[in-house]
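Let's take a walk through this fold, starting with one helix and working inward. Keep the model open and follow along.

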Amino acid sequence: MPSALLLGFDPHAVPGMDGDAMRAVLDKELARFGEHAIDASMTLIAPDESAESRVVAALSERDWDVVVIGGGIRKPEPLLTFFEQVVNLVRQHAPGAAIAFNTGIGDSVEAAMRRL
């Protein structure tokens with residue numbers, strides 16, 4: 001069974017966001033992976049000093065076939081250096097994994113499947 005790791009921001013760490021509602025949407029998307037016979041895990045991070053260690057721990061957990069980096073990390077221009085850091089952590093700690101990007105919360109499965 002192929003494996004996928006989703007990396008995204010913890011919605012409780014984003015000011016002005018309804019963290020509980022967004023987490024429910026994220027959990028629903030994660031469940032969709034099982035419907036496609038993909039063993040998936042999700043790691044949610046805050047854009048702070050804890051991010052690197054959490055990302056490295058998740059990447060080192062197993063050999064991933066694909067890592068999906070969410071739009072919250074990738075899209076905001078002020079977070080460009082943070083996004084670069086995450087991409088380089090994937091390259092360093094999961095060198096065998098493909099890297100995929102979703103366009104929003106609802107198409108992470110499709111993003112992963114493009115690279116599996």
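**From one helix to the cores**

The buried residues of α1 are Gly19, Leu26, Glu29, Arg32 and Phe33, where buried means under 20% relative accessible area, exposed over 50%, and partly exposed in between (1.4 Å probe, protein chains only). They sit on the same side of α1, because they cover an arc of only 135° around the axis; the arc is that of the directions from the helix axis to the C-beta atoms. An α-helix has 3.6 residues a turn, so residues three or four places apart point the same way. Turned away from the buried side of α1 is a face with the exposed residues Asp20, Lys28, Gly34 and Glu35.

A word on the ground rules: this is a predicted model, with local features needing pLDDT of at least 70 and side-chain atom pairs counting only at pLDDT 80 or more, while totals for chains, interfaces and linings use all residues. Residues are numbered from 1 along each chain as its sequence is written, and side-chain values use heavy atoms, with hydrogens and water left out.

Helices (H or I, at least four residues) and strands (E, at least two) are DSSP runs, numbered from the N terminus. What lies over the buried side of α1? The cover of its buried residues includes β1, β2 (39–45) and α5 (108–115). After α1 comes Ala37, with a positive phi near 55°.

Now swing over to α4, which has 14 residues and reaches 20 Å from its first C-alpha to its last, close to the 20 Å expected at 1.5 Å a residue (the expected span is 1.5 Å times one less than the number of residues). Its buried residues are Phe82, Phe83, Val86, Val87, Leu89 and Val90. Those fall within an arc of 155° seen down the axis of α4, so they line one face of the helix. Thr81, Arg91 and Gln92 are exposed on the face turned away from that buried side. Among the elements covering the buried residues of α4 are α2, β3 and α3 (71–74).

That brings us to the largest nonpolar core, with 20 residues, where Leu7, Leu59, Val67, Ile69 and Ile73 touch the most other members. A nonpolar core is a set of buried Ala, Val, Leu, Ile, Met, Phe, Trp, Tyr and Cys residues joined through side-chain atoms within 4.5 Å. The largest share of this core, six residues, comes from α4. A second, separate core of 13 residues includes Leu6, Leu26, Leu44 and Ala112.

Methods:
Contact means heavy atoms within 4.5 Å.
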